[in-house]
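The following exercises ask you to read a protein model step by step, from overall dimensions down to single residues. Try each task before turning to its solution.

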Amino acid sequence: MIDFIELGGIVLGFGIQNGEINCLSGNDLVKIVDGAVVLKKTVFEKSGAARFFAENEKHIVIADFCTLLSFSKETFEQENEVKIGNDLTSDICYLFAEGDYAYCSIRNGGIAKVRIDDFKYEIYTTSDASIWEINCFEGMLYCGTVDGHILKIDKETMQIVKDAEVSKKNIKSIRKDGNKLYAASQDMKLYVLDFDTLDVVAVKRNVHKYMYYIAGITDHCIVTVSHPASEISILDKETLETIRAIREPLRLSGPVKLEGDILYYASRNFNGIKMMKIE
């Protein structure tokens, strides 16, 4: 059974906290509670597909090409704006927010650490390769690079603690479960790493035919989504064997999140957010 929240535009990013969904749908910020739209505000005049969405307890942060903006999570009023990059060589490739800071990866290497309250920022050199994934576990940033490395970075000092070469291709998503990290690569493999050493301990090949993301991990399974393959897969967490593959019309790309046993996902071929219970 798939539930659908229909909206006025393609959803480029969303967050879920305490049963409330905030999302960027087309040029609008939209707040959804119990499946109903309770607040909507147009925040961009022109359309743009190169946008990233993140949030903390009080703020929504959106990267729009080279510019970073913040909005009140309660009212959607714009609060801050700063231009970090200048062109296609220095645009924002990924956005992650936690606590008081947003972390923007800059094309061709580097991360801008931005204080969300006032948008003061500093850019740190981290890699010669672009970073398209940032996550945080136990006070450390874990970043996936386009040349297949996972960088463990102290989020306070922004110094690299460990640089692990995992794949030859882009690391698109990183998740943690227990003492293991799971990394999805553009070589269509799923890498399982020891959390402490970042040594690869297992590899699952041909997870999908095309690029995919790890949506999340439950007590028993790993949920992956491949938009270009129009496929959602459920893998056994221990054996990495495919339990079930679900064909679902998707296109190109879109944000995905697993909250409990509910998969939330969007795509460029429908306007809104779909929800599926993972059983």
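**Exercise 1.** What does the accessible surface of the protein come to, and what percentage of it belongs to carbon and sulfur atoms?

*Solution.* Note at the outset that this is a predicted model. The accessible surface of the protein comes to about 12,800 Å², and carbon and sulfur atoms account for 45% of that area. For the linear dimensions, the C-alpha trace extends about 45 × 45 × 30 Å along the principal axes.

**Exercise 2.** Determine which secondary-structure elements are present, and compare the radius of gyration with the value for a compact globule.

*Solution.* Counting the elements, one finds 28 strands and zero helices in the protein. For a chain of 279 residues, a compact globule would have a radius of gyration near 19 Å, and because the protein has 18 Å, the two values agree. Turning to burial, 55% of the 279 residues count as buried. As for the contacts between residues at least 6 apart in sequence, 39% of them join residues at least 24 apart. Finally, the charges: the protein has 33 positive and 42 negative ones, and their mean positions are 5 Å apart.

**Exercise 3.** Identify the largest nonpolar core, the strands that supply it, and the contacts of V114.

*Solution.* The largest nonpolar core has 16 residues, and among those with the most contacts inside it are L68, I84, C104 and V114. At least two residues of this core come from each of β7 (59-64), β10 (92-98), β11 (101-106) and β12 (111-115). Taking V114 as the case to follow, and leaving aside its neighbours within four places in sequence, one finds contacts with L68, I84, D100, Y101, A102, C104, F119, K120 and Y121. There is also a second, separate core of 15 residues, which includes A215, V225, L250 and V256.

**Exercise 4.** Find the phi values of D34 and L240, and decide for each residue whether it is buried or exposed.

*Solution.* The background for this step is that most residues other than glycine have a negative phi. D34 is not a glycine, yet its phi is positive, at about 55°; L240, likewise not a glycine, has a positive phi of about 65°. Next, locate the two residues: D34 is found in the loop between β4 (28-33) and β5 (36-42), while L240 is found in the loop between β24 (231-236) and β25 (242-247). The last step is accessibility, where D34 counts as exposed because its relative accessibility is 78%, whereas L240 is buried, with a relative accessible area of 7%.

**Exercise 5.** Describe the surroundings of the serines S173 and S233, and state whether each is buried or exposed.

*Solution.* Begin with S173, which lies in strand β18 (residues 171-177) and is buried, its relative accessible area being 2%. Not counting residues up to four places away in sequence, S173 touches E133, Y182, A183, A184, Y213 and I214. H220 is 47 residues from S173 along the chain, and the C-alpha atoms of these two residues are separated by 19 Å. S233, by comparison, is found in strand β24, and at 2% relative accessibility S233 counts as buried, the cut-off being under 20%. Leaving aside neighbours within four places in sequence, S233 is in contact with V207, H208, I222, V223, T224, R244 and A245.

Conventions. Residues are numbered from 1 along each chain as its sequence is written. This is a predicted model: local features need pLDDT of at least 70, side-chain atom pairs count only at pLDDT 80 or more; totals for chains, interfaces and linings use all residues. Side-chain values use heavy atoms; hydrogens and water are left out. Helices (H or I, at least four residues) and strands (E, at least two) are DSSP runs, numbered from the N terminus. The radius of gyration is taken over C-alpha atoms; the globule rule is 2.2 Å times the number of residues to the power 0.38. Buried means under 20% relative accessible area, exposed over 50%, partly exposed in between (1.4 Å probe, protein chains only). Contact means heavy atoms within 4.5 Å. Accessible areas come from the Shrake-Rupley method with a 1.4 Å probe; for residues, only the protein chains shown count as cover. Lys and Arg count as positive and Asp and Glu as negative; His and the chain ends are not counted. The place of a charge is taken as NZ of Lys, CZ of Arg, CG of Asp or CD of Glu. A nonpolar core is a set of buried Ala, Val, Leu, Ile, Met, Phe, Trp, Tyr and Cys residues joined through side-chain atoms within 4.5 Å.
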